[in-house]
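Dear colleague,

I am handing over the structure we spoke about, with the sequence alongside. Please open it before reading on, since the notes below are easier to follow with the model in view.

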Amino acid sequence: MPSTFTKTFDTPAYKGTVTIPLGLYINGEFVDPVEGGIIDVVNPATGKVVTSIAAGTKADIDIAAKAAKEAYKTSWGLKVPGTQRGKLMSKLAVLMEEHIAEFAALDALANGKAYNTAYGKDNKGAIAVMEYYAGWADKISGKTIETNEKKLAYTRHEPIGVVGQIIPWNVPMFSLSLKIAPALATGNTIVLKPSELTPLSALLFCTLIEQAGFPPGVINIVNGYGSTAGQAISEHPLIEKVAFTGSTLTGRKIMEAAAKSNLKSVTLELGGKSPNIIFDDADLEQAVKWAIHGIYFNHGQNCSAGSRIFVQEGIYDKFLDQFTEQARAIKVGDPFSPDTYQGPQVSKTQFERIMGYITSGQNDGATVHLGGKQIGQEGYFIEPTIFTECQPNMKIVREEIFGPVACVIRFKTEDEVIEQANDTSYGLAASVFTKDIDRAIRVAHALEAGTAWINCSNQAEISMPFGGFKQSGIGRDLSEYALENYTNVKAVHVNIGLRL
Ligand code: NDP
């Protein structure tokens, strides 16, 4: 396997040449995997292999975890003041900004998302997240707690140590930054595994770590397969915390491995089947636009996608007409074309999964109102799809499809729709559209979800927590709340006069 990959892009959206190393980034250098494994990276727009990268296994995770532990004890953690950590993180954000076009090109290539989305949303977001947590690095503080005159009592929020992070493919660089940044700010060292489907941008990121001034071993990035490298992170005895974003199924495996190994703490950001509720009195034009964004943004490959659209009977027909018209107009095509909104699904597996759900909806008696088919013969493109006549027990209504597939469901009353919206094992996000402020807030509070959007959908703010109720997860990403995932609270009792 060559040690680098060079790609010249000559596309309408991006022209330039990108070179990345292909090895594992451990202890400040690119190394070959102990067992010599590889991952073929596929361009989902063509189905063809772009390059092969190194795949780490348990042995590489072990080396990375030991390097991270050493760095934690010697050159990071409590050895480095927060001001210094913040400075390095700010430098990293500047370097990410300098290479933003290359990051976006690599994500569009391996993920299939529109280059403009990869640039303007994912990577801009990733940089902003790094900057945000750089600002937190010197603001980690405990409390002094009044007990009695003979004691000084205070708390310290100490780093956990070595943390493992396992990220998915749908927003590669945003996920990476969202996990790494709060862990660094609080003084932890990291072993991170990107998704096997979208590892390229993470490799470019590795080239910036040393330039930013991080000591070796603070950030280790080990590409590999979930069942080997991912599992090894979940099990490793030196790794004291694991943070994961991905499917509920894999989340369960990670929790099990964490429980069986060293009882490492676990935070999970899992899937969703988010309801989007549109009442008769909503601003219809806006509700339609937000509903389109809610389900079709990022090809429906969004944990918070508004995939169950409940529309009150008085505006159901009008909504469906306008929603259908806009879904039909979505520009699906080459990720590197400037006007593309939807590219291919990320992989053959995901493509087949989604097509399987479409078949299951048809077999269960739902109506394909729009779409439902593959576009073209090459790559993994799927038509924006709308199902109507859906019943609550159908798989397409109950399970996360993670593709451009919406179920539009008619409802009569507020009580009925709250009941239906909450009838799911998930609880990540929910939207409500109405001009009645009382109802908007009442319904938002009644929905069992970690995020409630009123008259909007799919919104994230770096300063707002994001995470799930029920089987959508444990813990929160983003905001000040995410810092809690990466610190241990120590209670210190100082005797200033108590005598035995
Ligand atoms: P996974 O949950 O399997 O993958 C997410 C990450 O976990 C990847 O890095 C993966 O590695 C890793 N992983 C896989 N198995 C293990 C394991 N046993 N131990 C530790 N890590 C592991 O998602 P899929 O890619 O298979 O997608 C399936 C479905 O998951 C989607 O259709 C969607 O419903 C949901 N999903 C939800 C996401 C979200 O944002 N909440 C993101 C992605 C998927 P590798 O890439 O090598 O498999």
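What follows is a short account of what was found, going from the whole chain to single residues.

Please keep in mind throughout that this is a predicted model.

**The protein as a whole**

The protein contains 14 helices and 21 strands, and its C-alpha trace spans about 75 × 65 × 40 Å along the principal axes. Its radius of gyration is 23 Å, which agrees with the value near 23 Å that a compact globule of 500 residues would have. Of those 500 residues, 57% count as buried, and the exposed surface comes to about 20200 Å², with carbon and sulfur atoms supplying 52% of that area. If one takes the contacts with a sequence separation of 6 or more, 74% of them are accounted for by residues 24 or more positions apart. As for charge, there are 46 positive and 53 negative charges, and the mean positions of the two sets are 5 Å apart.

**Asn458 and Ser304**

Which side chain does Asn458 join in a polar contact of 2.8 Å? The partner is the side chain of Ser304, and the two residues come from separate loops: Asn458 is placed between strand E19 (451–454) and strand E20 (473–474), whereas Ser304 lies between helix H9 (284–296) and strand E14 (308–312). Asn458 has a relative accessibility of 14% and therefore counts as buried, the cut-off being under 20%. Ser304 is buried as well, with a relative accessible area of 7%.

The side chain of Asn458 also reaches the backbone oxygen of His293, at 3.3 Å. Leaving out residues up to four places away in sequence, Asn458 touches His293, Gly294, Phe297, Asn302, Ser304, Ala305 and Trp453. Ser304, with its neighbours within four places set aside in the same way, is in contact with Ser274, Leu428, Ala429, Trp453, Asn458 and Phe466. Trp453 thus appears in both lists, as a contact of Asn458 and as a contact of Ser304.

**Two residues with positive phi**

Two residues other than glycine deserve a look at the backbone, namely Phe402, with phi near 60 degrees, and Lys470, with phi near 50 degrees. Phe402 sits in the loop between helix H12 (395–398) and strand E17 (405–411), and at 14% relative accessibility it counts as buried. Lys470 is found in the loop between E19 and E20, the loop that also holds Asn458, but Lys470 is partly exposed, with a relative accessible area of 37%.

**Three further lysines**

Is Lys241 buried or exposed? At 1% relative accessibility it counts as buried, and its place is in strand E11 (residues 239–245). The side chain of Lys241 makes a polar contact of 3.0 Å with the side chain of Thr267. Beyond the residues up to four places away in sequence, Lys241 touches Ile160, Val162, Val163, Gly164, Lys264, Ser265, Val266, Thr267, Asn485 and Tyr486. Ala128, by contrast, is 113 residues from Lys241 in sequence and 24 Å from it in space, C-alpha to C-alpha.

Lys69, in helix H1 (residues 58–74), has a relative accessibility of 22% and so counts as partly exposed, since the buried class requires a value under 20%. Its C-alpha lies 5.9 Å from that of Val162, although the two residues are 93 residues apart in sequence. With residues up to four places away not counted, Lys69 touches Val162, Thr189, Leu238 and Glu240. Val162 is therefore a point of contact for Lys69 and also for Lys241, as the cut-off of heavy atoms within 4.5 Å is met in each case.

Lys253 lies in helix H8 (residues 248–260) and, at 47% relative accessibility, counts as partly exposed. Its C-alpha is separated by 40 Å from that of Lys412, which is 159 residues away along the chain.

When you go through the model, I would suggest beginning with the pair formed by Asn458 and Ser304, whose side chains make a polar contact of 2.8 Å.

With best regards

Technical notes. Residues numbered from 1 in each chain as written. Predicted model: local features only at pLDDT ≥ 70, side-chain atom pairs only at ≥ 80, totals over all residues. Heavy atoms only, no water. Helix = DSSP H or I, 4+ residues; strand = E, 2+ residues; numbered from the N terminus. Buried < 20%, exposed > 50% of the residue type's maximum accessible area, 1.4 Å probe, protein only. Polar contact = N/O pair within 3.5 Å; in protein donor to acceptor, adjacent residues only side chain to side chain. Rg over C-alpha atoms; globule rule 2.2 N^0.38 Å. Areas by Shrake-Rupley, 256 points an atom, 1.4 Å probe, with all protein chains shown as cover. Lys, Arg positive; Asp, Glu negative; His and termini not counted. Charge placed at Lys NZ, Arg CZ, Asp CG, Glu CD.
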